[in-house]
Amino acid sequence: MSVPILNASGCLDALTAPDVARSLDAFVTKTVTPLPREGNASPRIAETEGGMLNSIGLQNPGIERFVADVLPRLEELGVPLWVSVGGFSAADYATVCAQLDGCDAVATVELNLSCPNVEEAADTAAAIVAAARAQTSKPLYAKLSPATWDVAETARAVADAGVDGLSLVNTIRGLALDASGRPLLARGAGGYSGPALRPIALACVHACAQAVELPIVAMGGIASGRDALDFVEAGAYAVALGTTLFADPGAAGRVRAELAAEQAARPAASSPQATAKSLQITQNVSA
Ligand SMILES: Cc1cc2nc3c(=O)[nH]c(=O)nc-3n(C[C@H](O)[C@H](O)[C@H](O)COP(=O)(O)O)c2cc1C
């Protein structure tokens, strides 16, 4: 069974790298908020040991310009589109979801539940999902942070509130200093991603797959077919590439080929349950 490969939100600009976007089974946009946001001051990306830090600050054109200008150009790529939605309150998420509901080009909405000021307590996450659910009939994925005290509890809460799938995981807060003790990022701490996140993400995927019957898109340091297979075995039905795309824009094709080889060498990876769920996600990916 082939595993869909997506990009992780914010890690690929499909309009400047259309061939990379077309190498994916679905393209996930950077998070869109109700109003335009300029993002944080530079430097807002820094390499550090085991991965990278970013504090982009949800830079985006706002939902109105996104729908009018960006979405029609993304549609021309011919790749299923997932739109990542963010906000600072449940009402913000509901507003963006309502605007996307009428857009035929949008296959799936991914709710970024790790935005600043949006607490990821299970009840808050569920309230956001319920508000979004009321505004859209599109497939809804909840993207969770690995930094909650019990990610499986949040997964159960968002499942009860009506999501169709989970995206696991977002970055985790980190800080790196230069030789004189100043933070590498202008804002201080930022989101830590890349290889060091992989075991953390794997544990989240494994815990959530035990807790809920929902398809899971896994991300967090995935850079090879072996990494992808580990996530499939932990319970994911699709994988997303993030930080690795900055160093290797052709990673999707490579990971797909490596994964096929790994699966051929280890055919027990796909359980009957996995097959049923992967059918579900393939439908969502290609909707
Ligand atoms: C530069 C950068 C920008 C990101 N922007 C977003 C974003 O807008 N929305 C979101 O949900 N996640 C965002 N993320 C998080 C990624 O989608 C992903 O969850 C995280 O980086 C873990 O995957 P990775 O280790 O493969 O990069 C961003 C990550 C990076 C590195």
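**Helix α7, Thr33 and the ligand shell**

Let me start with helix α7, residues 225-234, which is mostly covered, since 8 of its 10 residues are buried, where buried means that 20 or more other C-beta atoms, placed from the backbone, lie within 10 Å of the residue's own. Please keep in mind that this is a predicted model, in which local features need pLDDT of at least 70 and side-chain atom pairs count only at pLDDT 80 or more, while totals for chains, interfaces and linings use all residues. Residues are numbered from 1 along each chain as its sequence is written.

The buried residues of α7 include Asp227, Leu229, Asp230 and Phe231, and the buried set packs against α6 (198-211), β11 (216-218), β12 (238-241) and α9 (251-265); helices here are DSSP runs of H or I with at least four residues, and strands are runs of E with at least two, numbered from the N terminus. Just after α7, Gly235 takes a positive phi of about 125°.

Turning to Thr33, this residue is found in the loop between β2 (27-28) and β3 (45-48), and it is buried, because 24 other C-beta atoms lie within 10 Å. Thr33 and Gly87 are 54 residues apart in sequence, yet 5.4 Å apart in space, C-alpha to C-alpha.

Finally, the ligand: of the 26 residues around it, Ala8, Gly10, Ser193, Gly242 and Thr243 come nearest, a residue being near if its C-beta atom, placed from the backbone, lies within 6 Å of the molecule.

Terms used
Buried ≥ 20, exposed ≤ 12 C-beta atoms within 10 Å, placed from the backbone. Contact = placed C-beta atoms within 7 Å.
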